[in-house]
Amino acid sequence: VAGGTTRYVVETKGISANGYSTFAVQFKPRTPDAGKPVEIKTKSFENAFYRLEFAPGGLKSIFDKELGREMLNPDKFLAGEVYMLDSVGNGAHEQGDFQHASWPALEKASQYSPAWHEIESGPVRTGWSLETPFRQATVRLQLYAYQGSKRLDFDVQILHWSGQKNKEFRMALPASIPHAQVTYEVPFGALEVGKDDMEGKPFEGWYSRPAREIHPREVQDWISASDGKVGVMLSSSVAVVDYLDANEKQDKETLLQPILLAARKSCHSLGNWYLQKGDHSFHFAFTSFSGDWRGHYRFGNEVNSPFPSAAVSPKTLTPSIPSSFSLCQVSQPNYVVSDIKIADDQKGIIVRGFEMTGRDSQVTLKVPLQVEHANTTNLIEEDNPDSIDALGGRLQFKAKSRGIDAFRIVGKYDVQNQ
């Protein structure tokens with residue numbers, strides 16, 4: 001587009017852990033018709049991972065070819081379908097029960113029968129789009145399937161939203177996993193609904209429900225539904241996701257529902273309305289797998305932390321830097337390095353991390369340093385008296401189940417220790 005920005009989607013592999021890699025890119029001229037939307041003639045698409053079936057408003061089938069099973073139950077909603085509910089209540093601080101949206105007056109994309117159009121086709125991914133007017137906005141859904149990754153992207157735009165009071169937009173992902181164990185990311189871990197919730201009622205005397213029954217939930221990067229044999233995961237760009245249907249059940253499917261926006265009034269008697277007029281954009285990514293979330297949680301983190309890139313001219317830099325570099329390599333997939341920084345007192349670097357899946361593990365962190373000294377600290381970088389074995393730039397320690405760690409590492413950069 002004239003005056004706009006051109007973005008390229010590049011598939012890369014083997015990126016250095018907690019570091020960077022360098023790639024050479026060659027361009028070729030675009031064909032004259034590239035990028036022009038074309039209405040799709042066939043209502044299906046297939047790659048190495050999925051067989052998709054399109055319907056007006058969303059996907060009615062996501063068949064996982066590796067698992068050999070259907071991942072959707074489209075009886076009530078399509079995958080990626082946007083819908084609007086009545087949403088009477090306050091922004092927060094409700095007394096008694098959570099003020100849920102009302103389902104009878106439902107407006108959803110499929111009732112308008114929008115047509116799908118192909119908007120992108122290339123060696124990395126294929127994309128489609130639909131657009132439909134709602135009574136108070138225009139809704140656009142873009143879907144992308146990747147050739148080399150088991151991933152489907154759902155990009156939602158709510159355009160020209162009028163700010164109608166007491167309305168709420170959601171997106172549907174009706175997973176065909178009845179009575180699924182729902183798990184979502186929280187700070188420094190994951191919460192399994194019904195297992196990890198606090199006991200009793202939060203703020204006794206204020207809320208009427210036990211904590212385990214309160215929904216929707218505030219999530220970090222992802223939410224997952226699994227029966228232990230198969231599971232799905234949805235990365236989320238929103239703060240709140242529901243997982244129960246209008247009857248607060250999961251008997252036929254587990255309906256994952258990111259809440260896109262809700263036009264509600266402040267809980268203060270003199271407070272304002274949060275109408276959020278205008279245009280809004282949201283990004284979600286879907287994958288499916290055998291087992292549960294423990295082997296796949298990094299998917300949600302990766303989608304919400306896209307690899308940043310910078311284009312540079314191929315020339316000699318002084319001083320030279322390696323074409324590939326890792327600040328820290330981690331031996332165990334259940335251990336997450338969350339922060340690498342210069343210490344506040346300038347004495348070495350601080351590395352923070354945590355165990356994610358609930359099991360004690362022996363962990364090795366490899367850093368590109370000739371380590372002179374390493375020890376644990378508390379979270380405000382006060383040294384503990386112990387020291388950590390760091391021979392050859394390898395810190396070895398036992399990570400406790402769901403534990404949070406911090407280390408101070410003092411040493412010199414070692415170009416050979418990569």
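Here are four short exercises on the structure above, each with a worked solution.

The model is predicted, so local features need pLDDT of at least 70 and side-chain atom pairs count only at pLDDT 80 or more, while totals for chains, interfaces and linings use all residues. Residues are numbered from 1 along each chain as its sequence is written, and side-chain values use heavy atoms, with hydrogens and water left out.

**Exercise 1: a sheet**

Work out in which order the three strands of the open sheet lie, and which strands are at its edges.

*Solution.* Start with what a strand is: a DSSP run of E with at least two residues, numbered from the N terminus. Two strands pair if DSSP finds at least two bridges between them. Now put the strands in order: β26-β29-β31, with antiparallel pairing. The edges are β26 (329-330) and β31 (394-399), since each pairs on one side only. Next, look at how β29 (residues 361-366) meets β31: six bridges join them. To find one of these spots yourself, go to Lys366, whose bridge partner in β31 is Arg394.

**Exercise 2: a nonpolar patch**

Find the residues that form a nonpolar patch on the surface, then decide whether Val10 is buried or exposed.

*Solution.* For a nonpolar patch, take residues with over 30% relative accessible area and no salt bridge, and join nonpolar side chains (Val, Leu, Ile, Met, Phe, Trp, Tyr) within 5 Å; like charges would be joined within 9 Å. Areas come from the Shrake-Rupley method with a 1.4 Å probe, and for residues only the protein chains shown count as cover. That gives you Tyr8, Val10, Val25 and Phe27, with about 470 Å² of accessible area together. Val10 sits in the segment before β1 (19-21). For the last step, buried means under 20% relative accessible area, exposed over 50%, and partly exposed in between (1.4 Å probe, protein chains only). Val10 has 52%, so Val10 counts as exposed.

**Exercise 3: salt bridges**

Describe the salt bridge between Glu46 and Lys65, and say which parts of the chain this pair ties together.

*Solution.* First, the idea: side chains of opposite charge can pair when their charged atoms come close. The rule asks for a side-chain nitrogen of Lys or Arg within 4 Å of a carboxyl oxygen of Asp or Glu, and the count comes to 22 salt bridges. For Glu46 and Lys65, the N to O distance is 2.8 Å. Glu46 is in strand β3 (residues 44-46) and Lys65 is in the loop between β5 (58-64) and β6 (69-70), so the pair links parts that are 19 residues apart in sequence. Glu46 is partly exposed at 44% relative accessibility, and Lys65 is partly exposed at 31%.

**Exercise 4: a network**

Find the salt bridge of Glu381 and the network to which Glu381 belongs.

*Solution.* Glu381 pairs with Lys341, and their closest N and O atoms are 2.6 Å apart. Glu381 lies in the loop between β30 (369-376) and β31, and Lys341 in strand β27 (residues 335-342), so parts that are 40 residues apart in sequence are tied together. Check the accessibility too: Glu381 is buried, with a relative accessible area of 9%, whereas Lys341 is partly exposed, with 22%. Finally, follow the shared partners: salt bridges join Asp339, Lys341, Asp344, Arg352 and Glu381 into one network.

Conventions: Helices (H or I, at least four residues) and strands (E, at least two) are DSSP runs, numbered from the N terminus.
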